[in-house]
Amino acid sequence: MSLFVERRLALPRHVSGTPVALCWHPSLPLFACCTFNEQVSSGSVSFFDNQAVFQQKHSVKTRPSSPDCAAWHPTKRLLVVAWRDGRMCRYDLEQDATQEGSPSEQPVTKLIWHNQGAFPLCAIDKSNRVLIWNAEESATGKPNTSYDVPQSITSFEFLQLRVGEQSRNRADTTVEGGSSPLDFLLGCQEGGVYHLDPQGRLIEAFKLTDSVRSLSYYKAARSQIRTAYVITDSLGVTRYQISTSGVFDEKLNASVAQCIEYFALF
């Protein structure tokens with residue numbers, strides 16, 4: 001049984017605007033609220049605990065732009081925020097330090113921090129490029145690796161084991177600056193689903209007739225079977241089994257109404 005508790009988030013008096021990005025820390029009782037005030041063209045980032053209490057010890061971060069998306073480091077009090085003016089900012093709450101990067105060619109629209117290995121940070125920008133930084137120290141600098149995706153990216157999912165599981169049949173790729181498992185799916189508006197495999201190859205894994213709404217990955221404990229689930233805008237569900245060589249074999253194609261038991265995966 002799930003338990004939901006509603007708490008009202010009270011922003012500091014000197015912070016105004018509309019929340020545009022909300023971000024829970026994956027392992028610590030910490031929450032970031034990013035707001036933007038259109039009247040004064042000012043954005044801010046405020047920090048709260050898991051009881052919705054404002055953390056006064058962490059100063060509010062402000063910039064003359066809108067914070068479009070944010071991502072926490074999996075284990076540290078370290079937040080990276082992508083702003084609409086193309087800048088990436090790194091907020092280290094342990095050191096109360098801010099590092100602001102140079103403006104990028106295109107604003108970043110999505111940030112995903114890998115929770116294994118060297119904790120690489122992945123981003124998707126407005127031109128549908130995938131950007132990868134291999135260490136949190138360089139998260140505001142030039143990315144170590146980038147890939148151009150020929151379609152409009154709508155969703156992103158790591159093909160990874162759960163934390164603590166051992167990977168015996170998947171290769172890790174070493175990229176300049178550190179080693180990290182590059183193995184994820186990119187769903188696109190045009191129906192294409194691309195796979196960036198452990199060898200750093202970006203290939204179209206399969207193509208659907210509808211826009212991809214969400215992707216999900218599942219691997220049962222002590223099992224070698226890897227499965228990817230796709231939900232489209234028309235609420236179709238497709239399930240693929242992934243071989244150790246990276247081949248996607250369709251096992252199910254149905255509507256959400258026929259697959260209600262899969263809702264927990266999304």
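The legends below accompany close-up views of a predicted model.

**View 1. The whole chain, a predicted model with 22 strands and 0 helices.** Of the 266 residues in the chain, 50% are buried, and the chain exposes about 14000 Å², of which carbon and sulfur atoms supply 47%. When contacts in the chain between residues at least 6 apart in sequence are considered, 42% of them join residues at least 24 apart. The remaining views turn to particular places in this predicted chain.

**View 2. The largest nonpolar core, a set of 16 residues.** Within this core, the residues that touch the most other members are V130, I132, V149, F156, F184 and L186. Two or more residues of the core come from each of the strands β10 (121–125), β11 (129–133), β13 (153–158), β16 (184–188) and β17 (192–196). Another core, of 15 residues, lies apart from this one and includes A21, C34, W72 and C89.

**View 3. The surroundings of L186, one of the core residues that touch the most other members.** When neighbours within four places in sequence are left aside, L186 is in contact with I124, V130, V149, I153, S155, F156, G192, V193, Y194, L202 and L215. Two of these contacts, V130 and V149, are themselves named with L186 among the residues that touch the most other members of the core, and F156 is likewise both a contact of L186 and a residue in that group.

**View 4. The aromatic pair formed by F206 and F248.** The chain has 9 aromatic pairs in total. In this pair the ring centres lie 5.7 Å apart and the planes meet at 55 degrees, so the pair counts as tilted, an angle over 60 being needed for edge-to-face and one under 30 for stacked. The pair links distant parts of the chain, since F206 belongs to strand β18 (residues 202–207) and F248 to strand β22 (residues 248–255), with the two positions 42 residues apart in sequence numbering. Both F206 and F248 are buried.

**View 5. An aromatic cluster, and an arginine over a tryptophan ring.** The residues W24, F31, F48 and F54 together form one aromatic cluster. Elsewhere in the chain, the charged end of R63 sits over the ring of W83, at 5.2 Å from the centre of that ring.

**View 6. The side chain of H25, in the loop between β1 (18–24) and β2.** With a relative accessible area of 5%, H25 falls under the 20% limit and therefore counts as buried. A polar atom of the H25 side chain lies 3.1 Å from the backbone nitrogen of S27. Leaving aside neighbours within four places in sequence, H25 is in contact with L30, W72, H73, P74, T75, K76 and R77; among these, W72 is also a member of the core of 15 residues.

**View 7. N37 in strand β2 (residues 31–37).** The relative accessible area of N37 is 13%, and the residue is buried. Its side chain reaches the backbone nitrogen of Q39 at 3.0 Å. Not counting residues up to four places away in sequence, N37 touches S16, G17 and S42.

**View 8. Two residues other than glycine with positive phi, S41 and D96.** S41 has a phi of about 50 degrees and is placed in the loop between β2 and β3 (42–48). At 41% relative accessibility, S41 counts as partly exposed. For D96, phi is near 50 degrees, and the residue is placed in the loop between β7 (88–92) and β8 (97–100). D96 also counts as partly exposed, with a relative accessibility of 45%.

**View 9. S216 and G200, each shown with a partner from another part of the sequence.** S216 is found in strand β19 (residues 212–219) and is buried, with a relative accessible area of 8%. The C-alpha atoms of S216 and L159 are separated by 8.6 Å, although these residues are 57 apart along the chain. G200 is placed in the loop between β17 and β18 and, at 22% relative accessibility, counts as partly exposed. The C-alpha atoms of G200 and L182, residues that are 18 apart along the chain, are separated by 6.7 Å.

Conventions. Residues are numbered from 1 along each chain as its sequence is written. This is a predicted model: local features need pLDDT of at least 70, side-chain atom pairs count only at pLDDT 80 or more; totals for chains, interfaces and linings use all residues. Side-chain values use heavy atoms; hydrogens and water are left out. Rings of Phe, Tyr and Trp (its six-membered ring) pair if their centres lie within 6.5 Å; planes under 30 degrees apart count as stacked, over 60 as edge-to-face and the rest as tilted. Helices (H or I, at least four residues) and strands (E, at least two) are DSSP runs, numbered from the N terminus. Buried means under 20% relative accessible area, exposed over 50%, partly exposed in between (1.4 Å probe, protein chains only). A charge sits over a ring if NZ of Lys or CZ of Arg is within 6 Å of the ring centre and within 35 degrees of the ring normal. A nonpolar core is a set of buried Ala, Val, Leu, Ile, Met, Phe, Trp, Tyr and Cys residues joined through side-chain atoms within 4.5 Å. Contact means heavy atoms within 4.5 Å. Accessible areas come from the Shrake-Rupley method with a 1.4 Å probe; for residues, only the protein chains shown count as cover. A polar contact is a pair of N or O atoms within 3.5 Å; within protein, one must be able to donate a hydrogen and the other to accept it, and residues adjacent in sequence count only if both atoms are side-chain atoms.
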